[in-house]
Amino acid sequence: MISIQLYDEKKVKDVAMLAGKILLESGAETYRVEDTMTRIATHYGLYNTHSFVTPTAIIFSLNEKSSTRLYRISSRTTDLEKISEVNEISRAITGGKVTLEAAKLALDELDAANLQYDFWLKCFASAIVCALFLLMFKGQLSDTIPAFIAGGIGFYICHYFSQLYKIQFFAEYAGAMAIALVALFFVNYIYKGEFDKIIISAVMPLVPGVAITNAIRDMMAGQLIAGIAKGVESALTAFAIGAGVATVLIIF
């Protein structure tokens, strides 16, 4: 068994907390964050650790004599590559393949790295996805064009407002309004299409599928507070999308 005297508790806590922070900011489930931090601490001989994770904060303590550490999580996204990288580093730690210092350095580099695709590539990919969703919903082939344009514009508007106001609800509301306006313009002034299928297809990139899945998984894992919080967040997103479309239909 590895002796605890060989390791600085502060460094162990730094590594565990940083791994948890990256996971939570990248959209990982709450129970995965707690499990990763616990496994890292256990590998270095620190048992009976205490952790409390919510979508907006991480509280972690090694033992009753150790000071408690708090990380505030102000922004969250979906970055499966970072989640995978943290899992690999965690496995390397528990497998004894990396030192504590090397693990901290790797996590620092990962935290600072931007592994996201370029925004315009994501915008174009979202538009493509919208067009394909329309075909999956058995829409007309001619409606793929308005679905493509509406989906791309909606994703752009949502991103723009999220950067401008930092309030996701208004960003999703504005994105849904933009989608409905573009679809309405095509149906009324270009050619008659299936308005409902264009709308449904174009809003798909805004639907919080990952958040809903994580909320259910957290609830099943016993993380009731985190599960309910993510569920409410998903419900607010769905409401924002519906309200944005409804606003356009009521006005026009």
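How many residues lie between β1 and β2 in their hairpin? Two: that is the length of the link between these strands. Keep in mind while reading that this is a predicted model. Here are my notes, starting from that hairpin.

1. The sheet. Strands β1, β2 and β3 make up an open sheet, in that order, with antiparallel pairing. β1 and β3 are the edge strands, as each of them pairs on one side only. On average, neighbouring strands here are turned by 5° against each other, if you ignore direction.

2. The β1-β2 side. β1 covers residues 50-54, and β2 covers residues 57-61. Their antiparallel pairing runs over five bridges. If you want a place to start looking, find His50, which has Ser61 of β2 opposite it.

3. The β2-β3 side. β3 takes in residues 69-72, and its antiparallel pairing with β2 counts four bridges. Here the pair to look for is Phe60 and Arg69: Arg69 belongs to β3 and has Phe60 standing opposite.

4. How covered is β2? Mostly: of its five residues, four are buried. On the helix side of the story, α2 lies across both β1 and β2. Relative to β1, α2 runs at about 155°.

5. Phe60, up close. This residue sits in strand β2. Is Phe60 buried or exposed? Its relative accessibility is 0%, so Phe60 counts as buried, the cut-off being under 20%. Leaving out residues up to four places away in sequence, Phe60 touches a long list of residues, including Lys13, Ala16 and Met17, then Met37 and Ala41. The list also has Thr49, His50 and Ser51, as well as Ser67, Thr68 and Arg69. Take Thr49 as one of these contacts: it is eleven residues from Phe60 along the chain, yet 7.6 Å separates the two C-alpha atoms.

6. The second largest pocket. Now leave the sheet and turn to α2 (30-43) and α3 (80-94), the elements that give two or more residues to the lining of the second largest pocket. The space in this pocket comes to about 150 Å³. Its lining consists of Arg32, Asp35, Thr36, Arg39, Asn87, Ser90, Arg91 and Thr94. What classes of residue are in that lining? Four are polar and four are charged, with no nonpolar residue among them.

7. Ser90, one of the lining residues. Ser90 is part of the pocket lining and has its place in helix α3. Ser90 counts as buried because its relative accessibility is 9%, and the limit is under 20%. Apart from neighbours within four places in sequence, Ser90 is in contact with Thr36 and Ile40. Of that pair, Thr36 is also listed in the lining of the second largest pocket.

8. Asn214, further along the chain. Look for Asn214 in helix α9, which spans residues 209-220. At 8% relative accessibility Asn214 falls under the 20% cut-off, so this residue counts as buried too. Which residues is Asn214 in contact with, once neighbours within four places in sequence are set aside? They are Gly27, Ala28 and Glu29, together with Lys230.

Notes:
Residues numbered from 1 in each chain as written. Predicted model: local features only at pLDDT ≥ 70, side-chain atom pairs only at ≥ 80, totals over all residues. Heavy atoms only, no water. 1 Å grid on protein atoms, 1.4 Å probe; cavity = no way out; pocket = protein on both sides within 12 Å on 5 of 7 lines; lining within 4 Å. Points joined across faces, edges and corners; volume = space filled by probe spheres on them. Nonpolar A, V, L, I, M, F, W, Y, C, P; charged D, E, K, R; others polar. Buried < 20%, exposed > 50% of the residue type's maximum accessible area, 1.4 Å probe, protein only. Pairing = 2+ DSSP bridges. Contact = heavy atoms within 4.5 Å. Axes fitted to C-alpha atoms, helices over the stretch in contact; angles between N-to-C directions.
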